[in-house]
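Dear colleague,

I am handing over a structure that I would like you to look through at your own pace. Please open it first, and then read the notes below alongside it.

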Amino acid sequence: MDLVPALEEPLKNTLGAATAKVMAEHLGLHTVGDLLHHYPRRYEERGQLTHLADLPMDEHVTVVAQVADARLHSFASAKAPRGKGQRLEVTITDGSGRLQLVFFGNGVHKPHKDLLPGTRALFAGKVSVFNRRLQLAHPAYELLRGDDVTETVDTWAGALIPIYPATAKLESWKIAKAVQTVLPSAQEAVDPLPDSLREGRGLANLPEALLKIHRPHTKADIESARDRLKWDEAFVLQVALARRRHADTQLPAVARRPAPEGLLTAFDARLPFTLTEGQQKVSREIFDDLATEHPMHRLLQGEVGSGKTLVALRAMLAVVDAGGQAAMLAPTEVLAQQHHRSVTEMMGELAEGGMLGGAEHATKVVLLTGSMGAAGRRQALLDLVTGEAGIVIGTHALIEDKVQFHDLGLVVVDEQHRFGVEQRDALRGKGKQPPHLLVMTATPIPRTVAMTVFGDLETSVLDQLPAGRSPIASHVVPAADKPHFLARTWERVREEVANGHQAYVVCPRIGDDVDEPGDPKKAGMSPEGEAEKRPPLAVLDVADQLAKGPLQGLKVEVLHGRMHPDDKDAVMRRFAAGETQVLVATTVIEVGVNVPNATAMVIMDADRFGVSQLHQLRGRVGRGSAAGLCLLVTEMPEASAARQRLGAVASTLDGFELSRIDLEQRREGDVLGQAQSGARTSLRMLTVIDDEEIIAEAREEAAAVVAADPDLEHLPALRTALDALLDEEREQYLDKG
């Protein structure tokens, strides 16, 4: 992190070319500084150096002893019924007493070669009793040879031994040796934290923290080092984000204030309901931002169904009122079409600008997707460049070079995590001056994750559901343990349809020939990483089985991503109109699809989906006045982590709570995806869930530092640390992937 010459030294100069090559290829470590920031994952307690005559029970001990005897036994077991099981028993002595060591299974081969009678070694493990004799099972050991015996014994005994993230090519103890070699260089590490911050919070200096993390004498050393190193990561990252926010405030933008008695007023008068308090509050935050002369950068996160689209539409209307244009970018054609339909329905004659019957303040709302016909596309492009269309809704097609705007004032990005920052910036580049930006996500993000991943955006949260939204009951259906539950599932679907409602059935796969079960990515792994007996269930197969079996006589249709866009649109229209009773689909329905009459959802192979994805899917039902029902079908056994995950989803409708569970169960990197292209590698010590306080405090400290000294002229060490975290290009893409 701190690029000073001693830490910039290539590892090959200090460790030799062979070791350096393995470190570079397998661990991404190139310099002395990289290696010093490769922290131990945990520590093994060896215990004090002990005589065999007085070993304490159930404690970690380290002994220096000589092998007296070693015997390999074969035995039969459930795993090795033909007597192929192996057990190595080694007796060691230090003159004061004797102790038995035991190794089993695959673990016998190396000690069988190493631990020959007469060999001296250090042994470390936990003392247990077997057949009334003391023993160490599978102890760690290091052979003692030559001159360095005293040093090895001193290093091993009584120490907390660091265990490093290692690879098959480079064991932890070899990494530990390499770290010992370069550790003196830690004294030259330049501290990125300003002195006032470090002293004010009682944090160790950087050289001391590096020394303590790699060679702790006590657990307090480890705590002190971790506290300090977490601050480094949180603070340097937050400074990078604060500088982005600061740079954005320096950009010019056109202030957009809605005209009194204009389009927005006319739209509000049409609404058949009043906005929730949350919607009013968030709208005020957005309108305040739009009225300033530098670009808004706001993240709007809201629960599924909390009315984000309405809030975004009111912002777009305000900008059209002020003479600008607004663009809404959606991740899929299905969603772009859905947004276009719902926006034009909500606006009514206000969306018929330039047409007979259009209202006085009306504007034109156009759709632009990649699969549109040439004539429709030409007309849409013309409407944009002339300014005839105040609002455009589209997919990536909006970003193409041919698309020109008359005066782009606001960009709304739906489901941010699906867009690369390059795409977002390409669209922003279409304004004469940088347009305002509103990013929406229905994936609830814990506050600290928002600070870490979307740290350059101000955040607004919608956590109230509008009146009229119904509760959703969720249940896990254990299809393998209780097949009659699955039969009951299809009866429930028939009951919903008999009551005039509709249902979704979601499957993980499409099931056409492009999508072969043989594909390991499709057929292979559950989130637990176990190879499955069968490929995931497929839309085409399940729809066929349901139509011929338990749902015979109902109108069943399929929807998936490889259908022609016109066909997809036609299927969605029939479902929205109530002509189709059951829609069997992939996750193309995950976001934004709004059919209030759909009350039931059955998710097949639910264990194949992530927590937040299940929450998103479930949000498609209960959107009207009738209660929603979500059934999570799985064949995973009750004790499995997958079943526990499904149980968690069934037990709460709080998306923020679920996103925490999701983060706790998976590595942050999985949840955040590539959201942190530049910062991903910087989070070695920090965990965004456990270290909420540090992240929040670091954000405040960083904002103060950047406000006082935007170019960090008085903090050269911090500048250096930033450069190491991200070169210029990565600073741009820091928190978006």
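**What was found**

Leaving aside neighbours within four places in sequence, Leu170 is in contact with Val22, Met23, Leu27 and Ile175. Please keep in mind throughout that this is a predicted model. Leu170 sits in the loop between strand S8 (160-163) and helix H7 (172-182), and with a relative accessible area of 6% it is buried. One of its contacts, Val22, is 148 residues away along the chain, yet the C-alpha atoms of Leu170 and Val22 are separated by 7.4 Å.

A second loop residue can be read in the same manner. Ala479 lies in the loop between strand S16 (472-478) and helix H18 (483-498), and it counts as buried because its relative accessibility, 12%, falls under the 20% cut-off. Ala479 touches Leu486, Val633, Thr634 and Glu635, once neighbours within four places in sequence are set aside. Of these, Thr634 is 155 residues from Ala479 in sequence, while the two C-alpha atoms are 5.8 Å apart in space.

For the chain as a whole, residues 24 or more positions apart account for 74% of the contacts that have a separation of 6 or more. The chain has 737 residues, of which 53% count as buried, and its secondary structure comes to 28 helices and 21 strands. Its accessible surface is about 32,600 Å², and 51% of that belongs to carbon and sulfur atoms.

**The open sheet**

In what order do the seven strands of the open sheet lie? The order is S11-S12-S10-S13-S14-S9-S15, and the pairing is parallel. Strand S11 (364-368) and strand S15 (458-462) are the edge strands, each of them pairing on one side only, and from one strand to the next the twist averages 20°. As a reminder, the strands of a sheet pair through backbone hydrogen bonds, and they may do so in a parallel or an antiparallel way.

To follow one pair in detail, look at strand S13 (residues 408-414) and strand S14 (residues 436-441), which run parallel and are joined by five bridges; within this pair, Val411 has Leu437 in S14 as its bridge partner. Helix H13 (residues 308-321) lies across S13 and S14, and also across strand S9 (297-302), strand S10 (325-329), strand S12 (389-394) and S15, running at about 170° to S13.

**Strand S19 and its partners**

Strand S19 (residues 582-585) pairs in the parallel sense with strand S18 (residues 556-559) over four bridges, and four bridges also join it to strand S17 (residues 502-506), again in parallel. Val584 in S19 is a useful residue to find on the screen, since Val505 stands opposite it and Val558 has it as bridge partner. In a regular strand the side chains alternate between the two faces of the sheet. In S19, both faces are covered, with Val582 and Val584 buried on one side and Leu583 and Ala585 buried on the other.

**Helix H22 and Arg618**

Six of the eight residues of H22 are buried, so this helix is largely enclosed by the rest of the structure. The buried residues are Val611, Leu614, His615, Gln616, Leu617 and Arg618.

Is Arg618, which is found in helix H22 (residues 611-618), buried or exposed? With a relative accessible area of 2%, Arg618 is buried. Its side chain makes a polar contact of 3.0 Å with the side chain of Ser474, and, not counting residues up to four places away in sequence, Arg618 touches Ile472, Ser474, Met601, Cys630, Val649, Ala650, Thr652, Leu653 and Leu658.

**The nonpolar cores**

The largest nonpolar core holds 49 residues, among which Trp231, Phe235, Val239, Leu368, Leu384, Val392 and Leu718 touch the most other members. A second, separate core has 39 residues, including Met296, Ala318, Ala336 and Ala351. To return to the largest core and one of the residues named there, Val239 is in contact with Ala702, Val706, Leu712, Leu718 and Leu722, leaving aside its neighbours within four places in sequence.

With best wishes

Notes
Residues are numbered from 1 along each chain as its sequence is written. This is a predicted model: local features need pLDDT of at least 70, side-chain atom pairs count only at pLDDT 80 or more; totals for chains, interfaces and linings use all residues. Side-chain values use heavy atoms; hydrogens and water are left out. A nonpolar core is a set of buried Ala, Val, Leu, Ile, Met, Phe, Trp, Tyr and Cys residues joined through side-chain atoms within 4.5 Å. Buried means under 20% relative accessible area, exposed over 50%, partly exposed in between (1.4 Å probe, protein chains only). Contact means heavy atoms within 4.5 Å. Two strands pair if DSSP finds at least two bridges between them. Helices (H or I, at least four residues) and strands (E, at least two) are DSSP runs, numbered from the N terminus. Axes are lines fitted to C-alpha atoms, for helices over the stretch in contact, and angles run from 0 to 180 degrees between N-to-C directions. A polar contact is a pair of N or O atoms within 3.5 Å; within protein, one must be able to donate a hydrogen and the other to accept it, and residues adjacent in sequence count only if both atoms are side-chain atoms. Accessible areas come from the Shrake-Rupley method with a 1.4 Å probe; for residues, only the protein chains shown count as cover.
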